[in-house]
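Here are a few short exercises to work through with the structure open beside you. Try each one before you read its solution.

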Amino acid sequence: MDDLTILIPCYNVEMCLDKTLESVIGKAKVVLVDDGSSDNTKNILRNIKDKDVEVFYNKENMGLAETRNILVSKVKTKYFTFLDAGDYLDLSVLDKKLFNKNYDLISYNLVLVNEEGDTINIHDRLEYEGLGEKFLEALIKNKKSFDSACSYIYKTSFFRGLNIKYLKGYNHEDFGVTPFVILKAERVLSLNKNLYYYVQDSNSITRGLSPEKKYNNALGVFKNAERLIALGSNKIYLSFITNALVSKIDDLEEPYKTKYIKKLNSLNIHKYYLNNPKGIIKKILYLIKYRGIKWQKLVLSFQFIMLVNI
């Protein structure tokens, strides 16, 4: 596929690169960036001999977000997609003719491969063709997971034209980019086809976390959400971000929970709930639980009607 580049960030992945490389080398252009690995990853990459594979090396560990930014800067083809080391693609499900139709974004299913080797569809896509904003609204309304950077093929000129980069130094870097990219896409194609296979392992950032690391993960979501709020005004988009932020509260222990709630309140995050019955109830509960406003005061001052102005 001469119009497609597969972008692979690598950091200490000597034990899981084989299937990843096998799934793409000889089938598309490939760019890999080693992010300052301390194991044998560099040597494995140096031994790749293929004219359609380029390898670059960070002098020090820059983190996944910055490595994704570097990878995007290396693309020379019309389209690109991400593949994390350890995972693999089934490119046979793609029709090459898709790349001639000038879609800004092509979406597909992401399949989980668990530690027993069983496959489970975790990002089933809606069949859709049209405006990105409507696609995003449909994904949110249907409660579909969609913010993984790896479950899309991006038109290079469109992505670069957005002038958005993954936020260096924070986890959940894809949460801070993917919703905005979908929102701005003029032409989206969504395929109910299994293309990306995510291989679960014991290194997941959500496993066995200390209270401090849980807070750092929540902080990553907050920092990325802060930027998303500044970039978009679609009400459903903003409501999705709000729900994602508030959902992190119960993961936290004190004193981190209080610190995190203060950050949410600094954004007046309750304002971004939808002004429908469900959204208004969520807004009331947030104000009572996390802003300390007494429900009697809300009722007596008619603030339960005018919550949007609080």
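The exercises below use a predicted model and look at aromatic rings, charges and one helix.

**Exercise 1.** Work out how the rings of Phe80 and Phe159 are arranged, and where the two residues sit.

*Solution.* Start with the count: the structure holds 15 aromatic pairs. In this one, the ring centres are 5.3 Å apart and the planes meet at 85°. Planes over 60 degrees apart count as edge-to-face, so that is what this pair is. Next, find the residues in the chain: Phe80 is in strand S4 (residues 79-82) and Phe159 is in helix H5 (residues 156-161), 79 residues apart. Both Phe80 and Phe159 are buried.

**Exercise 2.** Do the same for Phe82 and Tyr154, then find the cluster they belong to.

*Solution.* Here the centres lie 6.1 Å apart with planes at 70°, so this pair is edge-to-face. Phe82 belongs to strand S4 and Tyr154 to strand S9 (residues 152-155), so the pair ties together parts 72 residues apart in sequence. Phe82 and Tyr154 are both buried. Finally, the cluster: it is made up of Phe80, Phe82, Tyr152, Tyr154, Phe159 and Tyr166.

**Exercise 3.** Which rings do Lys74 and Arg187 sit over?

*Solution.* Lys74 lies over the face of Phe56, 4.4 Å from the ring centre. For Arg187, the charged end is over the ring of Tyr103, at 4.6 Å from its centre.

**Exercise 4.** Find the buried residues of helix H9 (residues 256-266) and what covers them.

*Solution.* The buried ones are Tyr256, Tyr260, Ile261, Leu264 and Asn265. Their cover includes helices H7 (211-231), H8 (235-247) and H10 (277-290). Just past H9, Asn268 has a positive phi of about 50°.

Terms used
Residues are numbered from 1 along each chain as its sequence is written. This is a predicted model: local features need pLDDT of at least 70, side-chain atom pairs count only at pLDDT 80 or more; totals for chains, interfaces and linings use all residues. Side-chain values use heavy atoms; hydrogens and water are left out. Buried means under 20% relative accessible area, exposed over 50%, partly exposed in between (1.4 Å probe, protein chains only). Helices (H or I, at least four residues) and strands (E, at least two) are DSSP runs, numbered from the N terminus. Contact means heavy atoms within 4.5 Å. Rings of Phe, Tyr and Trp (its six-membered ring) pair if their centres lie within 6.5 Å; planes under 30 degrees apart count as stacked, over 60 as edge-to-face and the rest as tilted. A charge sits over a ring if NZ of Lys or CZ of Arg is within 6 Å of the ring centre and within 35 degrees of the ring normal.
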